Amino acid sequence: MTLIALGGVIGAGLFVGSGVVIGETGPVSIISFLLAGGLAVLVMRMLGEMAVARPAVGSFYAYARLALGPWGGFTIGWLYWYFWVNVVALEAVTGATIIHAWLPGIDLWIISLCLMVLLTVVNLFSVKSFGEFEYWFASLKIAAIVVFLVVGLAFVVGLWPGAHADAGNLTEHGGFAPHGLGPALTSVIPAVGFFTGAEIAALAAAESTEPRRAVARATHSVVLRVLLFYVGSIFLIVAIVPWNSKSIGDGPYVAALQQIGIPAAADVMRLIILVAVLSALNAGLYSASRIVFALTRNGDAPRGLTRLSGNGVPRRAILLATVLGYVSVVFAYVSPDTVFSFIVHSYGAVALFVYLLVALSQVRLRRRLEREDPGALTLKMWGYPYLSWFTVAAMAVVILAMAFLPDTRMDFVASTLTLVVVLGAYAVRRRRGRS
(Lines give C-alpha, C1' and ligand atoms only; values in the text may rest on other atoms or scores of the structure.)
Protein backbone atom coordinates (compact mmCIF):
# COMPACT_ATOMS: atom_id res chain seq x y z
CA MET A 1 0.00 0.00 0.00
CA THR A 2 2.87 2.36 0.78
CA LEU A 3 4.52 1.67 -2.57
CA ILE A 4 1.20 2.13 -4.39
CA ALA A 5 0.81 5.55 -2.76
CA LEU A 6 4.37 6.63 -3.56
CA GLY A 7 4.28 5.10 -7.02
CA GLY A 8 1.07 6.91 -7.82
CA VAL A 9 2.71 10.26 -7.15
CA ILE A 10 6.03 9.66 -8.91
CA GLY A 11 5.12 9.86 -12.59
CA ALA A 12 6.19 11.40 -15.85
CA GLY A 13 5.07 14.77 -14.46
CA LEU A 14 7.98 14.77 -12.02
CA PHE A 15 10.57 13.48 -14.49
CA VAL A 16 9.51 15.68 -17.42
CA GLY A 17 6.85 18.25 -16.46
CA SER A 18 8.83 19.68 -13.58
CA GLY A 19 11.25 21.14 -16.12
CA VAL A 20 8.52 23.46 -17.40
CA VAL A 21 7.87 24.79 -13.88
CA ILE A 22 11.60 25.33 -13.27
CA GLY A 23 12.01 27.15 -16.59
CA GLU A 24 9.12 29.52 -15.84
CA THR A 25 9.99 30.33 -12.22
CA GLY A 26 13.69 29.70 -11.60
CA PRO A 27 15.18 28.26 -8.38
CA VAL A 28 12.18 29.55 -6.43
CA SER A 29 10.29 26.63 -7.98
CA ILE A 30 11.47 24.77 -4.87
CA ILE A 31 8.89 26.84 -2.97
CA SER A 32 6.23 26.05 -5.59
CA PHE A 33 6.70 22.32 -5.13
CA LEU A 34 6.88 22.67 -1.36
CA LEU A 35 3.51 24.47 -1.28
CA ALA A 36 1.92 22.06 -3.75
CA GLY A 37 3.27 19.08 -1.84
CA GLY A 38 1.96 20.52 1.40
CA LEU A 39 -1.56 20.72 -0.05
CA ALA A 40 -1.35 17.17 -1.37
CA VAL A 41 -0.14 15.90 2.00
CA LEU A 42 -3.01 17.65 3.80
CA VAL A 43 -5.58 16.14 1.42
CA MET A 44 -3.98 12.73 1.82
CA ARG A 45 -4.16 13.05 5.59
CA MET A 46 -7.84 14.00 5.41
CA LEU A 47 -8.53 11.04 3.16
CA GLY A 48 -6.51 8.79 5.43
CA GLU A 49 -8.64 9.80 8.42
CA MET A 50 -11.83 8.82 6.60
CA ALA A 51 -10.37 5.62 5.12
CA VAL A 52 -9.16 4.36 8.51
CA ALA A 53 -12.44 5.24 10.24
CA ARG A 54 -14.68 3.89 7.46
CA PRO A 55 -12.90 1.54 5.00
CA ALA A 56 -15.18 1.34 1.95
CA VAL A 57 -15.14 0.25 -1.68
CA GLY A 58 -14.77 3.40 -3.73
CA SER A 59 -13.07 5.30 -0.91
CA PHE A 60 -13.74 9.02 -1.37
CA TYR A 61 -16.82 8.29 -3.52
CA ALA A 62 -18.38 6.61 -0.52
CA TYR A 63 -17.24 9.39 1.82
CA ALA A 64 -18.52 12.18 -0.43
CA ARG A 65 -21.88 10.43 -0.74
CA LEU A 66 -22.07 9.98 3.03
CA ALA A 67 -20.94 13.54 3.86
CA LEU A 68 -22.32 15.67 1.01
CA GLY A 69 -25.22 13.58 -0.23
CA PRO A 70 -25.88 11.60 -3.45
CA TRP A 71 -24.82 14.49 -5.70
CA GLY A 72 -21.42 14.65 -4.03
CA GLY A 73 -20.75 10.95 -4.52
CA PHE A 74 -21.97 10.96 -8.12
CA THR A 75 -19.90 14.03 -8.99
CA ILE A 76 -16.62 13.03 -7.36
CA GLY A 77 -16.94 9.46 -8.65
CA TRP A 78 -17.43 10.31 -12.31
CA LEU A 79 -14.92 13.19 -12.25
CA TYR A 80 -12.28 10.87 -10.84
CA TRP A 81 -13.16 8.19 -13.39
CA TYR A 82 -12.88 10.73 -16.22
CA PHE A 83 -9.53 11.92 -14.91
CA TRP A 84 -7.95 8.45 -14.93
CA VAL A 85 -9.44 7.40 -18.26
CA ASN A 86 -7.68 10.38 -19.79
CA VAL A 87 -4.46 9.59 -17.93
CA VAL A 88 -4.60 6.10 -19.46
CA ALA A 89 -4.82 7.56 -22.97
CA LEU A 90 -2.16 10.22 -22.44
CA GLU A 91 0.31 7.83 -20.82
CA ALA A 92 -0.22 5.30 -23.62
CA VAL A 93 0.74 8.00 -26.13
CA THR A 94 3.72 9.12 -24.02
CA GLY A 95 4.95 5.55 -23.57
CA ALA A 96 4.61 4.86 -27.28
CA THR A 97 6.63 7.98 -28.07
CA ILE A 98 9.47 6.82 -25.80
CA ILE A 99 9.56 3.31 -27.29
CA HIS A 100 9.28 4.73 -30.81
CA ALA A 101 12.64 6.45 -30.27
CA TRP A 102 14.17 2.99 -29.82
CA LEU A 103 12.02 1.28 -32.47
CA PRO A 104 11.40 3.91 -35.15
CA GLY A 105 10.23 1.29 -37.64
CA ILE A 106 7.02 0.58 -35.67
CA ASP A 107 4.07 2.97 -35.92
CA LEU A 108 3.15 4.89 -32.78
CA TRP A 109 -0.44 3.66 -32.77
CA ILE A 110 0.71 0.04 -32.77
CA ILE A 111 2.98 0.62 -29.78
CA SER A 112 0.16 2.43 -27.93
CA LEU A 113 -2.18 -0.45 -28.66
CA CYS A 114 0.34 -2.98 -27.35
CA LEU A 115 0.84 -1.03 -24.12
CA MET A 116 -2.91 -0.73 -23.58
CA VAL A 117 -3.45 -4.45 -24.19
CA LEU A 118 -0.58 -5.44 -21.89
CA LEU A 119 -1.81 -3.45 -18.91
CA THR A 120 -5.45 -4.38 -19.61
CA VAL A 121 -4.55 -8.07 -19.34
CA VAL A 122 -2.66 -7.42 -16.11
CA ASN A 123 -5.68 -5.72 -14.55
CA LEU A 124 -8.14 -8.33 -15.85
CA PHE A 125 -6.14 -11.21 -14.41
CA SER A 126 -6.44 -10.44 -10.68
CA VAL A 127 -6.09 -7.76 -8.03
CA LYS A 128 -2.87 -9.47 -6.95
CA SER A 129 -1.34 -9.03 -10.42
CA PHE A 130 -2.09 -5.29 -10.28
CA GLY A 131 -0.46 -5.05 -6.88
CA GLU A 132 2.62 -6.99 -7.97
CA PHE A 133 3.12 -4.96 -11.15
CA GLU A 134 2.64 -1.68 -9.28
CA TYR A 135 4.97 -2.89 -6.53
CA TRP A 136 7.81 -3.42 -9.00
CA PHE A 137 7.04 -0.29 -11.03
CA ALA A 138 6.98 1.83 -7.88
CA SER A 139 10.11 0.16 -6.51
CA LEU A 140 12.07 0.97 -9.68
CA LYS A 141 10.89 4.60 -9.68
CA ILE A 142 11.68 5.08 -6.01
CA ALA A 143 15.10 3.46 -6.44
CA ALA A 144 15.83 5.83 -9.33
CA ILE A 145 14.86 8.86 -7.23
CA VAL A 146 16.96 7.69 -4.26
CA VAL A 147 20.01 7.13 -6.49
CA PHE A 148 19.53 10.57 -8.04
CA LEU A 149 19.29 12.19 -4.59
CA VAL A 150 22.48 10.49 -3.39
CA VAL A 151 24.48 11.22 -6.55
CA GLY A 152 23.15 14.79 -6.84
CA LEU A 153 23.89 15.62 -3.20
CA ALA A 154 27.41 14.18 -3.52
CA PHE A 155 27.98 16.39 -6.57
CA VAL A 156 26.66 19.57 -4.93
CA VAL A 157 28.72 19.18 -1.72
CA GLY A 158 31.86 18.25 -3.66
CA LEU A 159 32.12 14.55 -2.81
CA TRP A 160 31.66 13.43 -6.42
CA PRO A 161 34.90 12.75 -8.37
CA GLY A 162 36.03 15.93 -10.11
CA ALA A 163 33.36 18.11 -8.44
CA HIS A 164 33.70 20.87 -5.87
CA ALA A 165 31.12 22.24 -3.44
CA ASP A 166 29.06 24.78 -5.36
CA ALA A 167 25.40 25.79 -5.17
CA GLY A 168 25.85 29.08 -6.99
CA ASN A 169 23.14 28.24 -9.51
CA LEU A 170 20.57 28.86 -6.76
CA THR A 171 21.34 32.58 -6.71
CA GLU A 172 23.08 33.29 -10.02
CA HIS A 173 21.40 33.87 -13.41
CA GLY A 174 19.00 36.49 -12.06
CA GLY A 175 18.77 35.43 -8.42
CA PHE A 176 16.73 32.89 -6.47
CA ALA A 177 13.45 34.39 -7.79
CA PRO A 178 14.42 35.88 -11.17
CA HIS A 179 10.82 36.69 -12.12
CA GLY A 180 9.64 37.57 -8.62
CA LEU A 181 7.41 35.61 -6.25
CA GLY A 182 4.31 35.83 -8.49
CA PRO A 183 5.34 33.00 -10.86
CA ALA A 184 6.29 30.88 -7.86
CA LEU A 185 2.71 31.09 -6.58
CA THR A 186 1.09 30.51 -9.97
CA SER A 187 3.34 27.51 -10.56
CA VAL A 188 1.68 25.85 -7.59
CA ILE A 189 -1.23 25.11 -9.96
CA PRO A 190 0.58 22.69 -12.31
CA ALA A 191 2.72 21.40 -9.43
CA VAL A 192 -0.38 20.25 -7.52
CA GLY A 193 -1.30 18.10 -10.51
CA PHE A 194 2.04 16.28 -10.30
CA PHE A 195 1.12 15.01 -6.82
CA THR A 196 -2.15 13.43 -7.93
CA GLY A 197 -2.06 9.68 -7.43
CA ALA A 198 -1.29 9.22 -3.75
CA GLU A 199 -5.01 8.78 -3.09
CA ILE A 200 -4.92 5.42 -4.91
CA ALA A 201 -3.72 3.90 -1.64
CA ALA A 202 -7.06 4.73 0.01
CA LEU A 203 -8.92 3.42 -3.06
CA ALA A 204 -7.06 0.11 -2.89
CA ALA A 205 -7.41 -0.18 0.91
CA ALA A 206 -10.80 -1.90 0.67
CA GLU A 207 -9.16 -4.79 -1.20
CA SER A 208 -6.28 -5.26 1.22
CA THR A 209 -6.29 -7.79 4.05
CA GLU A 210 -5.93 -5.11 6.77
CA PRO A 211 -7.38 -1.90 5.30
CA ARG A 212 -7.12 0.26 8.41
CA ARG A 213 -3.50 -0.61 9.11
CA ALA A 214 -2.49 -0.47 5.43
CA VAL A 215 -3.88 2.99 4.71
CA ALA A 216 -2.54 4.38 7.99
CA ARG A 217 0.98 3.21 7.17
CA ALA A 218 0.71 4.52 3.61
CA THR A 219 -0.45 7.93 4.83
CA HIS A 220 2.41 8.28 7.31
CA SER A 221 4.96 7.22 4.71
CA VAL A 222 3.73 9.53 1.97
CA VAL A 223 3.86 12.62 4.16
CA LEU A 224 7.64 12.69 4.46
CA ARG A 225 8.77 10.79 1.39
CA VAL A 226 6.75 12.77 -1.13
CA LEU A 227 8.27 16.01 0.12
CA LEU A 228 11.74 14.47 0.17
CA PHE A 229 11.50 13.01 -3.33
CA TYR A 230 9.92 16.02 -5.00
CA VAL A 231 11.33 19.00 -3.15
CA GLY A 232 14.72 17.36 -2.60
CA SER A 233 15.21 16.42 -6.23
CA ILE A 234 14.02 19.81 -7.52
CA PHE A 235 16.47 21.51 -5.14
CA LEU A 236 19.33 19.42 -6.50
CA ILE A 237 18.36 20.03 -10.13
CA VAL A 238 18.38 23.84 -9.81
CA ALA A 239 21.60 23.66 -7.78
CA ILE A 240 23.36 21.56 -10.45
CA VAL A 241 21.99 23.08 -13.68
CA PRO A 242 21.27 26.78 -14.42
CA TRP A 243 17.49 27.20 -14.31
CA ASN A 244 17.46 29.02 -17.68
CA SER A 245 19.38 26.28 -19.49
CA LYS A 246 17.55 24.90 -22.54
CA SER A 247 18.35 21.37 -21.38
CA ILE A 248 16.11 21.88 -18.32
CA GLY A 249 13.02 22.13 -20.50
CA ASP A 250 14.01 19.04 -22.50
CA GLY A 251 14.34 16.96 -19.33
CA PRO A 252 15.54 18.26 -15.92
CA TYR A 253 16.83 14.93 -14.62
CA VAL A 254 18.66 14.16 -17.84
CA ALA A 255 20.21 17.64 -17.74
CA ALA A 256 21.40 17.15 -14.16
CA LEU A 257 22.85 13.70 -14.84
CA GLN A 258 24.65 14.97 -17.93
CA GLN A 259 26.07 17.88 -15.93
CA ILE A 260 27.35 15.42 -13.32
CA GLY A 261 28.90 13.32 -16.08
CA ILE A 262 26.81 10.14 -15.95
CA PRO A 263 27.28 8.22 -19.22
CA ALA A 264 24.19 7.40 -21.30
CA ALA A 265 22.10 9.65 -19.01
CA ALA A 266 19.45 10.24 -21.69
CA ASP A 267 18.82 6.53 -22.29
CA VAL A 268 18.80 5.75 -18.55
CA MET A 269 16.19 8.44 -17.85
CA ARG A 270 14.15 7.44 -20.90
CA LEU A 271 13.89 3.94 -19.46
CA ILE A 272 12.91 5.29 -16.03
CA ILE A 273 10.27 7.55 -17.57
CA LEU A 274 8.88 4.57 -19.48
CA VAL A 275 8.53 2.70 -16.18
CA ALA A 276 6.74 5.74 -14.72
CA VAL A 277 4.40 5.80 -17.73
CA LEU A 278 3.57 2.09 -17.45
CA SER A 279 2.95 2.57 -13.73
CA ALA A 280 0.53 5.44 -14.44
CA LEU A 281 -1.23 3.31 -17.08
CA ASN A 282 -1.55 0.45 -14.62
CA ALA A 283 -2.81 2.70 -11.83
CA GLY A 284 -5.19 4.49 -14.20
CA LEU A 285 -6.93 1.31 -15.30
CA TYR A 286 -7.19 0.11 -11.71
CA SER A 287 -8.52 3.41 -10.36
CA ALA A 288 -11.03 3.97 -13.17
CA SER A 289 -12.44 0.46 -12.89
CA ARG A 290 -12.72 0.48 -9.09
CA ILE A 291 -14.41 3.86 -8.89
CA VAL A 292 -16.99 2.97 -11.56
CA PHE A 293 -17.59 -0.34 -9.78
CA ALA A 294 -18.31 1.62 -6.59
CA LEU A 295 -20.68 3.90 -8.55
CA THR A 296 -22.83 0.90 -9.47
CA ARG A 297 -23.58 0.15 -5.81
CA ASN A 298 -25.95 3.10 -5.53
CA GLY A 299 -27.26 3.14 -9.06
CA ASP A 300 -24.85 5.89 -10.18
CA ALA A 301 -23.59 3.61 -12.96
CA PRO A 302 -25.19 0.70 -14.89
CA ARG A 303 -25.70 -2.36 -12.68
CA GLY A 304 -24.20 -4.63 -15.32
CA LEU A 305 -20.76 -3.30 -14.45
CA THR A 306 -20.92 -4.95 -11.01
CA ARG A 307 -20.33 -8.42 -12.42
CA LEU A 308 -17.10 -9.94 -11.08
CA SER A 309 -14.84 -12.60 -12.52
CA GLY A 310 -13.90 -15.74 -10.62
CA ASN A 311 -10.87 -13.84 -9.27
CA GLY A 312 -13.04 -11.02 -7.94
CA VAL A 313 -12.10 -8.57 -10.71
CA PRO A 314 -14.72 -6.15 -12.17
CA ARG A 315 -13.84 -6.99 -15.77
CA ARG A 316 -16.64 -5.01 -17.38
CA ALA A 317 -15.65 -1.90 -15.47
CA ILE A 318 -12.03 -2.37 -16.57
CA LEU A 319 -13.02 -2.88 -20.20
CA LEU A 320 -15.18 0.27 -20.10
CA ALA A 321 -12.13 2.29 -19.05
CA THR A 322 -9.96 0.71 -21.73
CA VAL A 323 -12.50 1.23 -24.52
CA LEU A 324 -12.58 4.97 -23.92
CA GLY A 325 -8.82 4.90 -23.54
CA TYR A 326 -8.51 3.32 -26.98
CA VAL A 327 -10.83 5.94 -28.44
CA SER A 328 -8.73 8.73 -26.96
CA VAL A 329 -5.55 7.19 -28.34
CA VAL A 330 -7.13 7.11 -31.81
CA PHE A 331 -8.02 10.80 -31.49
CA ALA A 332 -4.40 11.52 -30.53
CA TYR A 333 -3.39 10.55 -34.04
CA VAL A 334 -6.50 11.40 -36.06
CA SER A 335 -7.23 14.80 -34.53
CA PRO A 336 -4.37 15.88 -32.22
CA ASP A 337 -5.04 19.62 -32.53
CA THR A 338 -8.81 19.58 -31.98
CA VAL A 339 -10.49 16.63 -30.29
CA PHE A 340 -7.44 15.28 -28.45
CA SER A 341 -6.34 18.79 -27.50
CA PHE A 342 -9.75 19.42 -25.92
CA ILE A 343 -9.54 16.10 -24.03
CA VAL A 344 -6.16 17.08 -22.61
CA HIS A 345 -7.46 20.45 -21.41
CA SER A 346 -10.79 19.07 -20.18
CA TYR A 347 -9.26 17.16 -17.29
CA GLY A 348 -6.61 19.72 -16.31
CA ALA A 349 -8.47 20.93 -13.21
CA VAL A 350 -10.59 17.83 -12.61
CA ALA A 351 -8.16 16.44 -10.01
CA LEU A 352 -8.40 19.77 -8.15
CA PHE A 353 -12.22 19.53 -8.13
CA VAL A 354 -11.89 16.01 -6.70
CA TYR A 355 -9.46 17.14 -4.00
CA LEU A 356 -11.74 20.02 -3.04
CA LEU A 357 -14.70 17.64 -2.63
CA VAL A 358 -12.52 15.26 -0.58
CA ALA A 359 -11.61 18.11 1.77
CA LEU A 360 -15.23 19.20 2.15
CA SER A 361 -16.25 15.60 2.81
CA GLN A 362 -13.71 15.26 5.61
CA VAL A 363 -14.94 18.40 7.35
CA ARG A 364 -18.53 17.17 7.43
CA LEU A 365 -17.80 13.50 8.09
CA ARG A 366 -15.46 14.34 10.98
CA ARG A 367 -18.30 16.13 12.77
CA ARG A 368 -20.53 13.09 12.35
CA LEU A 369 -17.86 10.66 13.55
CA GLU A 370 -17.15 12.73 16.65
CA ARG A 371 -20.85 12.52 17.54
CA GLU A 372 -21.59 8.93 16.60
CA ASP A 373 -18.33 6.94 16.72
CA PRO A 374 -15.36 8.86 18.16
CA GLY A 375 -13.48 5.62 18.78
CA ALA A 376 -13.09 5.12 15.02
CA LEU A 377 -10.91 8.24 14.77
CA THR A 378 -7.59 6.49 15.35
CA LEU A 379 -5.90 8.48 12.57
CA LYS A 380 -6.83 12.15 12.81
CA MET A 381 -6.39 15.18 10.58
CA TRP A 382 -3.91 17.61 12.07
CA GLY A 383 -5.25 20.86 13.53
CA TYR A 384 -8.91 20.09 12.86
CA PRO A 385 -11.02 22.09 12.06
CA TYR A 386 -8.68 25.01 11.28
CA LEU A 387 -6.24 23.14 9.03
CA SER A 388 -9.13 21.38 7.31
CA TRP A 389 -10.81 24.67 6.39
CA PHE A 390 -7.44 26.09 5.36
CA THR A 391 -7.05 23.18 2.93
CA VAL A 392 -10.53 23.81 1.51
CA ALA A 393 -9.78 27.52 1.05
CA ALA A 394 -6.35 26.85 -0.49
CA MET A 395 -7.76 24.42 -3.05
CA ALA A 396 -10.53 26.89 -3.93
CA VAL A 397 -7.97 29.66 -4.43
CA VAL A 398 -5.87 27.47 -6.72
CA ILE A 399 -8.92 26.60 -8.83
CA LEU A 400 -10.07 30.22 -9.09
CA ALA A 401 -6.55 31.35 -9.97
CA MET A 402 -6.67 29.09 -13.01
CA ALA A 403 -9.52 31.20 -14.43
CA PHE A 404 -7.42 34.37 -14.40
CA LEU A 405 -4.05 33.08 -15.58
CA PRO A 406 -3.60 32.96 -19.39
CA ASP A 407 -1.65 29.69 -19.31
CA THR A 408 -4.31 27.82 -17.32
CA ARG A 409 -7.52 29.54 -18.46
CA MET A 410 -8.23 26.95 -21.16
CA ASP A 411 -7.80 24.14 -18.66
CA PHE A 412 -10.19 25.87 -16.26
CA VAL A 413 -12.86 26.46 -18.92
CA ALA A 414 -12.69 22.94 -20.37
CA SER A 415 -12.56 21.29 -16.93
CA THR A 416 -15.48 23.39 -15.71
CA LEU A 417 -17.43 22.25 -18.76
CA THR A 418 -16.65 18.66 -17.74
CA LEU A 419 -17.97 19.42 -14.25
CA VAL A 420 -21.15 20.93 -15.70
CA VAL A 421 -21.72 17.83 -17.84
CA VAL A 422 -21.33 15.56 -14.80
CA LEU A 423 -23.73 17.69 -12.72
CA GLY A 424 -26.18 17.68 -15.63
CA ALA A 425 -25.96 13.88 -15.79
CA TYR A 426 -26.75 13.71 -12.09
CA ALA A 427 -29.80 15.95 -12.59
CA VAL A 428 -31.05 13.60 -15.33
CA ARG A 429 -30.42 10.54 -13.13
CA ARG A 430 -32.28 12.13 -10.21
CA ARG A 431 -35.23 13.09 -12.41
CA ARG A 432 -35.51 9.57 -13.80
CA GLY A 433 -35.27 8.14 -10.31
CA ARG A 434 -38.33 10.10 -9.27
CA SER A 435 -40.39 9.20 -12.35
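Arg366 and Glu370 join their side chains in a salt bridge, with N and O 3.0 Å apart. That is a contact in a predicted model, as is everything below. The two residues sit four apart in helix H17 (residues 350–372), so about one helical turn separates them. Their surroundings are not alike: Arg366 counts as buried, at 7% relative accessibility, whereas Glu370 is partly exposed, with a relative accessible area of 38%. The pair doesn't stand alone either, since Glu49 joins Arg366 and Glu370 in a network of salt bridges. Arg366 also has an aromatic neighbour: Arg366 lies over the face of Tyr384, 4.3 Å from the ring centre.

Now for the other charged contacts. Side chains of opposite charge can pair when their charged atoms come close. Searching the whole structure turns up six salt bridges. One of them links Arg65 to Asp300, with 3.4 Å between the closest N and O atoms. Arg65 belongs to helix H4 (residues 60–68), while Asp300 is in the loop between helix H14 (265–296) and H15, so this salt bridge ties together parts that are 235 residues apart in sequence. Asp300 has a second partner, as its side chain also meets that of Arg429 in a salt bridge, at 2.8 Å from N to O. Here the loop between H14 and H15, which holds Asp300, is tied to helix H19 (residues 406–434), which holds Arg429, so the parts brought together are 129 residues apart in sequence.

How do the three residues around this loop fare for solvent access? Asp300 is buried, with a relative accessible area of 5%. Arg65 is partly exposed, at 24%, and Arg429 likewise counts as partly exposed, at 28% relative accessibility. In short, a buried Asp300 forms salt bridges with Arg65 and with Arg429.

Turning to the rings, a pair of aromatic rings is described by the distance of the centres and the angle of the planes. Seven aromatic pairs show up in the structure. In one of them, Phe83 and Trp84 have ring centres 5.2 Å apart and planes at 85°, so this pair is edge-to-face. Both partners are tucked away from solvent: Phe83 counts as buried at 8% relative accessibility, and Trp84 is buried with a relative accessible area of 4%. Phe83 and Trp84 also belong to one aromatic cluster, together with Phe60 and Tyr80.

On the outside, there's a nonpolar patch to look at. Trp102, Leu103, Ile106, Trp109, Ile110, Leu113, Val117, Val121, Leu271 and Tyr333 make up this surface patch, and together they have about 860 Å² of accessible area. Helix H6 (residues 108–125) supplies the largest share of the patch, with five residues. Tyr333 comes from elsewhere, namely helix H15 (residues 315–334). With a relative accessible area of 31%, Tyr333 is partly exposed.

One last spot involves Ala198, which is found in the loop between helix H9 (188–194) and helix H10 (200–205). Ala198 is buried, with a relative accessible area of 6%. Along the chain, Ala198 and Ala40 are 158 residues apart, yet their C-alpha atoms are separated by 8.3 Å.

Technical notes: Residues are numbered from 1 along each chain as its sequence is written. This is a predicted model: local features need pLDDT of at least 70, side-chain atom pairs count only at pLDDT 80 or more; totals for chains, interfaces and linings use all residues. Side-chain values use heavy atoms; hydrogens and water are left out. Rings of Phe, Tyr and Trp (its six-membered ring) pair if their centres lie within 6.5 Å; planes under 30 degrees apart count as stacked, over 60 as edge-to-face and the rest as tilted. Buried means under 20% relative accessible area, exposed over 50%, partly exposed in between (1.4 Å probe, protein chains only). A charge sits over a ring if NZ of Lys or CZ of Arg is within 6 Å of the ring centre and within 35 degrees of the ring normal. Patches are made of residues with over 30% relative accessible area and no salt bridge: like charges are joined within 9 Å, nonpolar side chains (Val, Leu, Ile, Met, Phe, Trp, Tyr) within 5 Å. Accessible areas come from the Shrake-Rupley method with a 1.4 Å probe; for residues, only the protein chains shown count as cover. A salt bridge is a side-chain nitrogen of Lys or Arg within 4 Å of a carboxyl oxygen of Asp or Glu.
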